[in-house]
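Let's go through this one together, question by question. Have the model open while you read.

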Amino acid sequence: MKNTLHIIALLVLVVSCGEKKEHEKKDTESNLTENTLEKTVMEWDSDSLIYPDEKHFKNIRQVTFGGDNAEAYWSFDDSKLVFQSNYKKWGVACDQMFLMYASETFKGTVPPMISTGKGRTTCAYFLPDNNHIVYGSTHLVDEKCPEVPLRKNGNYVWPVYDSFDIFVSDLQGNITSQLTKEPGYDAEATVSPKGDKIVFTSMRSGDLELYTMNLDGSNVNQITDELGYDGGAFFSPDGTKLIFRASRPKTEAEIKEYKDLLAQGLVQPTEMELFICDANGSNMKQITRLGNANWSPFFTPDGKKILFSSNFEAERGFPFNLYLIDIDGKNLERVTHGETFDAFPVFSNNGKYLAFSSNRNNGGGRDTNLFIAEWQD
């Protein structure tokens, strides 16, 4: 999660007719949304968006048409998605959070922004009520966009701002609570499908480690404790496991470089592998040993495989494509076949659709757009 390698207000329905009618209306709304999404996917299908050998994509639809758009995450009922964008035509100077219905596209229209518009934001994720999100923001320290260093001593780097904290917001952009208040970086929050826990990355120990907490910020537990950048974690569909990416500096020179950069609020994300563990941090296992950057992992709906982005086949850093691998590290399969960038794959909760970010169909420019594909095994 967090950081694209490319650096790269919704009306809420109010129901007050009793519990039974409320559930009936929610079920009806969910069914209508799903039917509309299926219809829209078919209507927007374009063979030019599906590259040869991308057999897992039955249909595909482009959602955004400019800027850097990434990390689109589904609501628990699959009716909506929240995503981050820095598209200047939408009136933002750096990443802010935007909301969309699952059937919408934004070609000449602007989605509602549901972050404050202050500071820089990252990694929004829906809470189980479908009417609130968690996300990281720097706005408490500085309402302006922080600088984004891209290179240090000739190497590509990511900033990990110590001004990031994690907040809860409603879908009108009103912050309702602050979940983290520790000094240093707190961000990259995602929510268990069980609806009981949040996993996030924090610098509170002096290193970038994974932690879990309750939805109200209580009961914080450290999950990882090995030197390196642990981040972009997601729960398995049953909430029992975590998948994440991590750097693991080993040599004296690698450790020194990592610590020196971290002291400056930077990490170098060019060597990362995928790790899996139980939700409490036990049974830690490395599942990729591919080299280069392996990241943005997400469980398949059955919990048996991981879909992730990697440039391990690239000689000069690009392209990034999507790959499938079993949770035991076996049966690696290439899923996308682009020449530039595919990343941030996220399955809908019903398992029918995949949202992801891609450079495809951008006219040869730098824009990273959102796509929704109908998935088939």
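What follows is a chat about rings, sheets and one loop residue.

Author: Before we start, this is a predicted model, where local features need pLDDT of at least 70, side-chain atom pairs count only at pLDDT 80 or more, and totals for chains, interfaces and linings use all residues. Residues are numbered from 1 along each chain as its sequence is written, and side-chain values use heavy atoms, with hydrogens and water left out.

Reader: How many aromatic pairs does the structure hold?

Author: Rings of Phe, Tyr and Trp (its six-membered ring) pair if their centres lie within 6.5 Å; planes under 30 degrees apart are stacked, over 60 edge-to-face, and the rest tilted. Counted that way, the number of aromatic pairs in the structure is 27.

Reader: What kind of aromatic pair do Phe-234 and Phe-298 form?

Author: Phe-234 sits in strand β16 (residues 230-235) and Phe-298 in strand β21 (residues 294-299), so to speak distant parts of the chain, 64 residues apart. Strands here are DSSP runs of E, at least two residues long, and helices are runs of H or I, at least four, all numbered from the N terminus. Phe-234 and Phe-298 are both buried, where buried means under 20% relative accessible area, exposed over 50%, and partly exposed in between (1.4 Å probe, protein chains only). With 5.0 Å centre to centre and 65 degrees between the planes, the pair is edge-to-face.

Reader: And what is the angle between the planes of Phe-356 and Phe-371?

Author: This pair links strand β26 (residues 353-358), home of Phe-356, to strand β27 (residues 369-375), home of Phe-371, 15 residues apart. Phe-356 is buried, because its relative accessible area is 1%, and Phe-371 counts as buried because its relative accessibility is 1%. The rings are stacked, 5.8 Å centre to centre, and the angle between the planes is 25 degrees.

Reader: Which ring does the charged end of Arg-245 sit over?

Author: A charge sits over a ring if NZ of Lys or CZ of Arg is within 6 Å of the ring centre and within 35 degrees of the ring normal. Ring pairs link Trp-158, Tyr-229, Trp-295, Phe-318, Phe-320, Phe-341 and Phe-344 into a cluster. The charged end of Arg-245 is 4.7 Å from the centre of a ring in that list, and the ring belongs to Tyr-229.

Reader: Which residue in β17 stands opposite Gly-231?

Author: β16 is mostly covered, with six of its six residues buried. It pairs with strand β17 (residues 241-246) in the antiparallel sense over four bridges; two strands pair if DSSP finds at least two bridges between them. The hairpin of β16 and β17 has five residues between the strands, and there Gly-239 takes a positive phi near 75 degrees. Opposite Gly-231, in β17, stands Arg-245.

Reader: In the hairpin of β5 and β6, which residue takes a positive phi?

Author: Strand β5 (residues 121-126) is mostly covered too, six of its six residues being buried. It pairs with strand β6 (residues 132-137) in the antiparallel sense over four bridges, and Thr-121 stands opposite Ser-137 in β6. Five residues lie between the strands of this hairpin, and the one with a positive phi, near 65 degrees, is Asn-130.

Reader: Which strands stand at the edges of the open sheet β1-β27-β26-β25?

Author: Four strands make up this sheet, with antiparallel pairing. Five bridges join β1 to β27, and Gln-62 stands opposite Phe-371 in β27. Two strands have a single partner each, so one side of each is left without a neighbour in the sheet: β1 (57-62) and β25 (342-347).

Reader: Which residue stands opposite Thr-190 in β13?

Author: Here we have an open sheet of four strands in the order β12-β13-β14-β15, with antiparallel pairing. Its edge strands, each pairing on one side only, are β12 (186-191) and β15 (221-222). β12 and strand β13 (residues 197-202) pair over four bridges, and the residue opposite Thr-190 is Val-199.

Reader: Last one: which side chain does a polar contact of 3.0 Å join to Lys-250?

Author: Lys-250 lies in the loop between β17 and α2 (252-263), and it counts as exposed because its relative accessibility is 56%. Not counting residues up to four places away in sequence, Lys-250 touches Glu-226 and Ile-255, contact meaning heavy atoms within 4.5 Å. A polar contact is a pair of N or O atoms within 3.5 Å; within protein, one must be able to donate a hydrogen and the other to accept it, and residues adjacent in sequence count only if both atoms are side-chain atoms. The partner of Lys-250 at 3.0 Å is the side chain of Glu-226.
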